[in-house]
Amino acid sequence: MTFNEKSRWIALLANLLVWGWYFVTVARVLAAGAPDVRWLMAMTVPVIIALTIIHIVAHVVVAILKPSEATSDMDERERAIARNAGATAYHVLAFGIVVAIGTTLFYWSAFVAVNAVLFAFIFAETIRYGLEIVAYRRGVA
Amino acid sequence: MTKRRLTNNIRVLRFHAGEMTQAALGEKIGVTRQTVAAIEQGKYSPTLETAFRIADVFGVGLDDVFRWAEE
């Protein structure tokens, strides 16, 4: 497994863990009432800090375990994998943004609008990481 | 059109080149060991440039490294 593949695993798991927790919390808060945007600001700060710490610590550990492969430089296969996954994830993102806009038409609030767009973005990113990992395992078409 | 897939002799060529490792070949052609493994297993078709580099390393022609196989 190359350093970049391990990096994708870290990003995928970090996304599922941290953003998963965030969106579950958002759903609970929405069910309980209508929160304001200040709540959103207060939530995104710990999320970003947690993601940054997880990424730094996990990448340092991976680099220490195999220093010879610890480079983020991608070779041609890895670039092809990133290109293919990015192209598919773009369509997921575009669809997600349209759904997010549609959601705000029926249920308008700044809180819902921001979170719907954020969810579309994070979902597309997670799909991208997943597709990259599948391509690393199964091969590039 | 007949369906064909690209196969290669890289493993054999490595063996005849003093049992060259995948990592050593990867270093010579500018890709990771894992990419050499993926090429050998038919999981990745290299660019034309890398294909020529592989042939150059073993001092053979492109046809001696890669060939079509009927499916």
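1. Gly42(B), placed just after helix 3 of chain B, adopts a positive phi of about 75°. The model under discussion is a predicted one, and the angle at Gly42(B) is accordingly a computed value for a predicted backbone.

2. Helix 3 of chain B, which precedes that glycine, deserves attention for its burial. Gln34(B), Thr35(B), Val36(B), Ala38(B) and Ile39(B) are buried within this helix. What do these buried residues pack against? Within chain B, the partners are strand 1 (4–8), helix 1 (10–16) and helix 2 (22–29); from chain A, helix 3 (76–106) joins them. The buried residues of helix 3 of chain B thus pack against elements of chain B and an element of chain A.

3. The contact between the chains draws eleven residues from chain B and six residues from chain A. Which element gives the most to the side of chain B that touches chain A? Helix 3 (residues 33–40) of chain B does, with three residues. By character, that side of chain B comprises six polar residues, four nonpolar residues and one charged residue.

4. The largest nonpolar core numbers ten residues: Ile10(B), Leu25(B), Ile29(B), Val31(B), Val36(B), Ala38(B), Ile39(B), Tyr44(B), Ile54(B) and Val65(B). Two or more residues come from each of helix 2 and helix 3 of chain B, and helix 3 of chain B supplies the largest share, three residues. A second, separate core has eight residues, among them Ile81(A), Ala124(A), Ala135(A) and Tyr136(A).

5. Leu25(B), a member of the ten-residue core, may be examined individually. Once neighbours within four places in sequence are set aside, Leu25(B) is in contact with Arg14(B), Met20(B), Val36(B) and Val57(B). Of these partners, Val36(B) is listed in the largest nonpolar core and is buried in helix 3 of chain B.

6. The secondary structure of chain B consists of five helices and two strands, in the order β-α-α-α-α-α-β along the sequence. The C-alpha trace of chain B spans about 35 × 20 × 20 Å along its principal axes. Why does the radius of gyration of chain B agree with a compact globule? For 71 residues such a globule would have a radius near 11 Å, and chain B has 12 Å, so the value agrees. Of the 71 residues in chain B, 25% are buried. Where contacts in chain B link residues at least 6 apart in sequence, 58% join residues at least 24 apart.

7. Chain A has four helices and zero strands, and its elements run α-α-α-α from the N terminus on. Its C-alpha trace spans about 50 × 30 × 20 Å along the principal axes. Of its 141 residues, 16% count as buried. Among contacts in chain A between residues at least 6 apart in sequence, those joining residues at least 24 apart account for 82%.

8. Confidence in chain A can be stated per residue and per element. The chain averages a pLDDT of 90, and 98% of the residues score at least 70. Which elements of chain A have the lowest and the highest mean pLDDT? The lowest mean, 90, belongs to helix 2 (residues 37–65) of chain A, and the highest, 94, to helix 3 of chain A. Helix 3 of chain A is also the element of that chain against which the buried residues of helix 3 of chain B pack. As a general caution, predicted coordinates should not be read in detail where pLDDT is low.

Terms used
Residues are numbered from 1 along each chain as its sequence is written. Chains are lettered from A and ligands numbered from 1 in the order in which they are written. This is a predicted model: local features need pLDDT of at least 70, side-chain atom pairs count only at pLDDT 80 or more; totals for chains, interfaces and linings use all residues. Two residues are in contact if their C-beta atoms, placed from the backbone, lie within 7 Å. Ala, Val, Leu, Ile, Met, Phe, Trp, Tyr, Cys and Pro count as nonpolar, Asp, Glu, Lys and Arg as charged, and the others, Gly among them, as polar. A residue is buried if 20 or more other C-beta atoms lie within 10 Å of its own, exposed if 12 or fewer, and partly exposed in between; C-beta atoms are placed from the backbone. The radius of gyration is taken over C-alpha atoms; the globule rule is 2.2 Å times the number of residues to the power 0.38. pLDDT is the predictor's confidence in each residue, from 0 to 100. A nonpolar core is a set of buried Ala, Val, Leu, Ile, Met, Phe, Trp, Tyr and Cys residues joined through C-beta atoms within 7 Å.
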